[in-house]
Amino acid sequence: MAAQVWGPLRFVPGSDGADRNGQTVAPFALAIGRGRPFALERTRSPLWWDGNDREERWRDKWLNLPMRLVLTCRREGFEPWTVPYEVDVPEAPRVRFVG
């Protein structure tokens with residue numbers, strides 16, 4: 001359960017210093033007013049979700065909701081502080097193919 005990412009996306013394990021579960025990335029410097037891109041991938045549903053459509057229901061649960069991050073900031077001479085942050089995920093229509 002501790003390895004489950006409870007959201008629509010996770011950091012790609014091994015990319016950008018991400019841990020093996022895609023929950024955290026290695027510390028990095030960031031200039032004020034600047035951003036940084038990261039490699040992300042969709043999360044998988046927890047193993048205890050039952051049914052043939054479990055992956056579809058998991059995606060639907062997070063459809064068009066923001067991704068929540070907790071940023072841990074550090075600067076010499078200061079105690080570390082955390083900043084909760086929500087990243088908007090572009091709206092995506094739910095498309096079902098019938099074949």
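Here are some short exercises on a predicted model, each with a worked solution.

**Exercise 1. Confidence and layout**

Find how many helices and strands the chain has, in what pattern they follow one another, and where confidence is lowest and highest.

*Solution.* Start with the overall confidence: the chain has a mean pLDDT of 83, with 90% of its residues at 70 or more. Next, count the elements: there are one helix and four strands. Reading along the sequence gives the pattern β-β-α-β-β. Finally, compare the elements: confidence is lowest in helix α1 (residues 54–62), with a mean of 82, and highest in strand β4 (residues 81–87), with 92.

**Exercise 2. One side of the helix**

Which residues of α1 are buried, and how do they sit around the helix axis?

*Solution.* Begin by picking out the buried residues of α1, namely Arg54, Trp58 and Trp62. Now look down the axis: these residues span an arc of only 70°, so they lie on the same side of α1. The general rule behind this is that an α-helix has 3.6 residues a turn, so residues three or four places apart point the same way. To finish, step just past the end of α1, where asparagine 64 adopts a positive phi of about 65°.

**Exercise 3. The surroundings of leucine 40**

Work out whether leucine 40 is buried, exposed or partly exposed, and what it touches beyond its sequence neighbours.

*Solution.* First, place the residue: leucine 40 belongs to strand β2 (residues 40–42). Its relative accessible area is 37%. Buried would need under 20% and exposed over 50%, so leucine 40 counts as partly exposed. Then leave aside the neighbours within four places in sequence; leucine 40 is in contact with Leu9, Arg10, Phe11, Val12 and Met67. As a distance check, the C-alpha atoms of leucine 40 and aspartate 16 are 9.9 Å apart, with these positions 24 residues apart along the chain.

**Exercise 4. A nonpolar patch**

Which residues make the nonpolar surface patch, and which element gives the largest share of it?

*Solution.* List the members: Leu71, Phe78, Trp81, Val83 and Tyr85 form a patch of about 490 Å². Then assign them to elements: β4 supplies the largest share, three residues. Tryptophan 81 is located in β4, and this tryptophan is partly exposed at a relative accessible area of 38%. For the wider setting, the chain exposes about 8,200 Å², of which carbon and sulfur atoms supply 55%. Buried residues, in turn, make up 15% of the 99 residues.

Notes
Residues are numbered from 1 along each chain as its sequence is written. This is a predicted model: local features need pLDDT of at least 70, side-chain atom pairs count only at pLDDT 80 or more; totals for chains, interfaces and linings use all residues. Side-chain values use heavy atoms; hydrogens and water are left out. pLDDT is the predictor's confidence in each residue, from 0 to 100. Helices (H or I, at least four residues) and strands (E, at least two) are DSSP runs, numbered from the N terminus. Buried means under 20% relative accessible area, exposed over 50%, partly exposed in between (1.4 Å probe, protein chains only). Contact means heavy atoms within 4.5 Å. Patches are made of residues with over 30% relative accessible area and no salt bridge: like charges are joined within 9 Å, nonpolar side chains (Val, Leu, Ile, Met, Phe, Trp, Tyr) within 5 Å. Accessible areas come from the Shrake-Rupley method with a 1.4 Å probe; for residues, only the protein chains shown count as cover. A salt bridge is a side-chain nitrogen of Lys or Arg within 4 Å of a carboxyl oxygen of Asp or Glu. The arc is that of the directions from the helix axis to the C-beta atoms.
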